[in-house]
Amino acid sequence: MSKKFKIVVTDWEYENLNDELEVLSQLDADIETNHQTRDPKEIIKFAKDADAIITQYPNMPADFLDQLTNCKVISRYGTGIDGVDLKKATEDGIIVSNVFEYCTDEVSAQAQTLLLALARSIPQYSKFIQNGGWYSKEWKFRSMKNEIVGVIAFGKIAKEFVNKMLPLAKEVWVYDPFIDDAVINASGAKAKRFDEIVENADYISVHCPLTKEGESEYPTYHMFNKEVFKRMKNSAILVNCARGGCVDQDDLAWALDNHEIRAAGIDTIEIEPPEKGNPLLGRDNLILTNHMGWYSEDSIVSVKQQVAQNVVDVLTGGTPKYENVVNKDVLDKLKK
């Protein structure tokens, strides 16, 4: 008689796990859903011998992965995987999966909404009117038909954002050192260097993954910092619906205080929720949303089902859909 699989769900922020459990019912498995913790030291106590781990937020560094004795797959809600040591997971033959086709429309729409609201100074006008004002020319702006939108990265969400912005802007410029210029140009956007976008774009929308020195040839941690803000147009608007760490929040506060840029729309910050005294709070030249760019009722069902299906695919002897495998090098290792 074959042994039951052990599947552990470490944490989740949804009302229930009904969608996941329905998909996982295909397996003969004991499924632990009673933990709800993000602490790796606590997780290892109950997940050490798990065949599969479903997780949302916890970091899983090399020393955590070293202690797993039976794990075949770590399946993460959403697209973010910057907390998992992918090199170590690959060495250990653990597939790290996410949900690649997830919230593309939602996040690109969030970025577009933030950009357009700030472009028209909607927060400032709303506050002004609610405080008893009505007519004012204090906030000046141009038609977007005469302005340039810069986009950092050209992944699936960025591509959808480009498609949304092309009919509205004079030009859309894209920087992505990993994508051939011809591919970007074929989309209707124009491939540009990072410096060109920083110095000339009227709006910049960030869509890159978060990488640090040593992890990538082009690290993105604090990519937008004081020196970059100094080079941007004083009238420029920054939007970040990628990872909070791509923007140095202290330097962003400085840039807004000193009118180095006009405004910012931020959906993600480094520490969520913001701590008391966060320099970005209490501003009318910044829209801060609560990492909700991913959200729609449709996207919730999609991510919950797919995160479980990734586990089913692995534990039944296969692999998740190729685009859902983050550490693709592990697939060659597992074939040997």
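Which residues touch the most other members of the largest nonpolar core? In this predicted model, local features require pLDDT of at least 70 and side-chain atom pairs count only at pLDDT 80 or more, whereas totals for chains, interfaces and linings use all residues. Residues are numbered from 1 along each chain as its sequence is written, and side-chain values use heavy atoms, with hydrogens and water left out.

The largest nonpolar core (a set of buried Ala, Val, Leu, Ile, Met, Phe, Trp, Tyr and Cys residues joined through side-chain atoms within 4.5 Å) holds 57 residues, of which Ile-7, Tyr-77, Val-149, Val-172 and Val-311 touch the most other members. Here buried denotes under 20% relative accessible area, exposed over 50%, and partly exposed the range in between, computed with a 1.4 Å probe on protein chains only. Helix H12 (residues 297-315) supplies the largest share of this core, 8 residues; helices (H or I, at least four residues) and strands (E, at least two) are DSSP runs numbered from the N terminus. Apart from this core lies another, of 33 residues, with Cys-208, Met-223, Phe-224 and Ile-269 among them. When neighbours within four places in sequence are left aside, Val-149 is in contact (heavy atoms within 4.5 Å) with Leu-115, Phe-161, Met-165, Ala-169, Glu-171, Val-172, Trp-173 and Tyr-203.

Val-149 belongs to strand S6, in which Ile-148, Gly-150 and Ile-152 point one way while Val-149 and Val-151 point the other way, all of these residues being buried. Strand S6 (residues 148-152) is accordingly listed as mostly covered, with 5 of its 5 residues buried. An open sheet of 7 strands, in the order S8-S7-S6-S9-S10-S11-S12, shows parallel pairing, where two strands pair if DSSP finds at least two bridges between them. The edge strands of this sheet are S8 (190-191) and S12 (286-288), each of which pairs on one side only.

Pairing of S6 with strand S7 (residues 171-175) is in the parallel sense and extends over 5 bridges; Gly-150 stands opposite Trp-173, and the bridge partner of Val-151 in S7 is Val-174. From S6 the chain crosses through helix H7 (residues 156-165) to S7 in a right-handed β-α-β crossover, the term indicating that, with the strands pointing away from the viewer, the path from the first strand over the helix to the second runs clockwise. Strand S9 (residues 203-206) also pairs with S6 in the parallel sense, over 4 bridges, and Ile-152 stands opposite Val-206 in S9.

Two loop positions were also examined. Ser-121, in the loop between helix H5 (104-119) and helix H6 (122-130), is buried, with a relative accessible area of 1%. Not counting residues up to four places away in sequence, Ser-121 touches Trp-139, Phe-141 and Arg-262. Asn-146, in the loop between H6 and S6, is instead partly exposed, with a relative accessible area of 44%. The C-alpha atoms of Asn-146 and Glu-42, which lie 104 residues apart along the chain, are separated by 54 Å.
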